[in-house]
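Visitor: I should like a close look at a single residue in this structure and at what surrounds it. Please then connect that residue to the wider packing and to the details of the backbone.

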Amino acid sequence: MFLTDKFGRQIHDLRISITDRCNYKCVYCRSGNDGPAFPEMPIADYLRMVRVFVSLGITKVRLTGGEPLLRRGLVDMVRELGQMKTLGGRPLDIAITTNGHLLAELAQPLANAGLSRVTVSMDAVDEERFARITRVPNAYERVLAGIRAAQRAGLNPVKVNCVLLRGFNDDQITAFGGFARDEGVVVRFIEFMPLEEDRVWSPEIVITLDEIVRRMAEFMPLREIERERSETARRYRFDDGVGEIGIIAPVSHPFCGHCSRIRVTSDGKIRTCLFSVREHDLGGLMAGGASDERMAEFIRRAVDHKEARHHIGEPGFIPASRTMVHIGG
Ligand code: SAM
């Protein structure tokens, strides 16, 4: 009944990109010259897809992009998602990953509509560095205001995702330690993966989990705490028990064996892995008049092709057929 791949992994986590437009041009993600590359579907089409996925056992839906807060109709979409029930009869877990630029205005309406959680991406905790990374001036204070608005709206704990690049923002590690404690957010460091438009990735540029733990000790030592089996982040508390840090380490400690995810791009293609080189055109099938049953069958077959694991850093690594901004992180 549940979506399960040929390796026995149960798929219950859907990430759906609702636009590949973005108002930031983060240097490690986008080239700065290239804009959106793929069409968007009507919101009603994403909702229909989600309904079919939920009928197959999906319990978590994360909206992403591009920048999902740019998408008109987002609040109504979340309200519709809020009406859906999992196979177990519970409300869906609805999350958004955002750069936070428009969050100050949208946090409360999204919470009212039924959003469960928000993750804000932030790669520096000082104004000047933030502008250099995002290539948008004066945005740091806006994002900070967005995080605080999300907290006031009850979307707690707010998670803050940070990608570290050697020689670029790795001097922010300890500052993020202070930020997590001062702002009451869970800061999660993500190892940089080869998914950028500019192809600058190299193993040397990645700040690994071990290095982050070691360097955070200059601020305060971390102690690992328990996590759920399918959780991608390793979780840590500061030695004095105040504040939480997560580290998502797909490069140095891959977790593909526990992967429970499936993705849909803004133009309706299923991707069974970030690093897929093949997509499954669910949007095209739907546009051709397929029934929900036919779509469900198509999803099951796509899941049968889910990759065993990624091959980051291995000889012969084949880059994904899309970069991160066009997949949905
Ligand atoms: N615009 C939204 C945002 O900023 O969160 C959603 C899309 S963005 C592509 C999602 C996440 O992917 C961000 O946290 C971003 O830092 C992360 N990301 C982008 N490129 C990455 C890469 N090559 N490796 C690891 N994470 C990456």
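Guide: Phe179, in this predicted model, is in contact with Met122, Val125, Tyr140, Leu144, Ile147, Val160, Gly184, Val185 and Val187, once its neighbours within four places in sequence are set aside. Phe179 also belongs to the largest nonpolar core, a set of 109 residues. Within that core, Phe179 is listed among the residues with the most contacts, together with Phe53, Leu63, Leu81, Phe189 and Ile245. Helix 1, which covers residues 43-55, supplies the largest share of this core, namely 8 residues.

Helix 1 leads on to the packing of helices. Its axis lies 11 Å from that of helix 2, and the two pack at an angle of about 20°. Because angles under 35 degrees count as roughly parallel, helix 1 and helix 2 are described as roughly parallel to each other. The crossing of helix 1 with helix 2 is right-handed. On the side of helix 1, the residues that meet helix 2 are Ile43, Tyr46, Leu47, Val50 and Arg51. They face Met77, Glu80 and Leu81 of helix 2, and Leu81 is one of the core residues named above. Sorted by class, this contact comprises 6 nonpolar and 2 charged residues, with no polar ones.

Helix 2, residues 74-83, also packs on helix 3, residues 103-113: the axes come within 8 Å and cross at roughly 25°. That angle makes helix 2 roughly parallel to helix 3. Here, too, the crossing is right-handed. Leu74, Val75, Val78 and Arg79 are the contributions of helix 2, and they meet Leu106, Pro109, Leu110 and Ala113 in helix 3. This contact holds 7 nonpolar residues and 1 charged residue, and no polar residue takes part.

The backbone offers three further details. In the loop between helix 5 (140-152) and strand 5 (159-163) one finds Pro157. A cis peptide bond, with omega about -5°, joins this proline to Asn156. Arg135 is not a glycine, yet its phi is positive, at about 60°. This arginine sits in the loop between helix 4 (127-134) and helix 5, and with a relative accessibility of 38% it counts as partly exposed. Arg199 likewise has a positive phi, near 50°, in a residue other than glycine. The loop that holds Arg199 runs between strand 6 (186-190) and helix 7 (209-216). At 46% relative accessibility, Arg199 counts as partly exposed.

A last site lies in helix 8, residues 282-287, where Leu285 is placed. Its relative accessible area is 19%, and because the limit for a buried residue is under 20%, Leu285 counts as buried. Not counting residues up to four places away in sequence, Leu285 touches Ala290, Arg294, Met295 and Phe298. For one of these partners, Met295, the C-alpha atom is separated from that of Leu285 by 7.3 Å, and the two residues are 10 places apart along the chain.

Terms used:
Residues are numbered from 1 along each chain as its sequence is written. This is a predicted model: local features need pLDDT of at least 70, side-chain atom pairs count only at pLDDT 80 or more; totals for chains, interfaces and linings use all residues. Side-chain values use heavy atoms; hydrogens and water are left out. Axes are lines fitted to C-alpha atoms, for helices over the stretch in contact, and angles run from 0 to 180 degrees between N-to-C directions. Helices (H or I, at least four residues) and strands (E, at least two) are DSSP runs, numbered from the N terminus. Angles under 35 degrees count as roughly parallel, over 145 as roughly antiparallel, 65 to 115 as roughly perpendicular and the rest as oblique. A crossing is left-handed if the near helix is turned anticlockwise from the far one by less than a right angle, and right-handed if clockwise. Contact means heavy atoms within 4.5 Å. Ala, Val, Leu, Ile, Met, Phe, Trp, Tyr, Cys and Pro count as nonpolar, Asp, Glu, Lys and Arg as charged, and the others, Gly among them, as polar. Buried means under 20% relative accessible area, exposed over 50%, partly exposed in between (1.4 Å probe, protein chains only). A nonpolar core is a set of buried Ala, Val, Leu, Ile, Met, Phe, Trp, Tyr and Cys residues joined through side-chain atoms within 4.5 Å.
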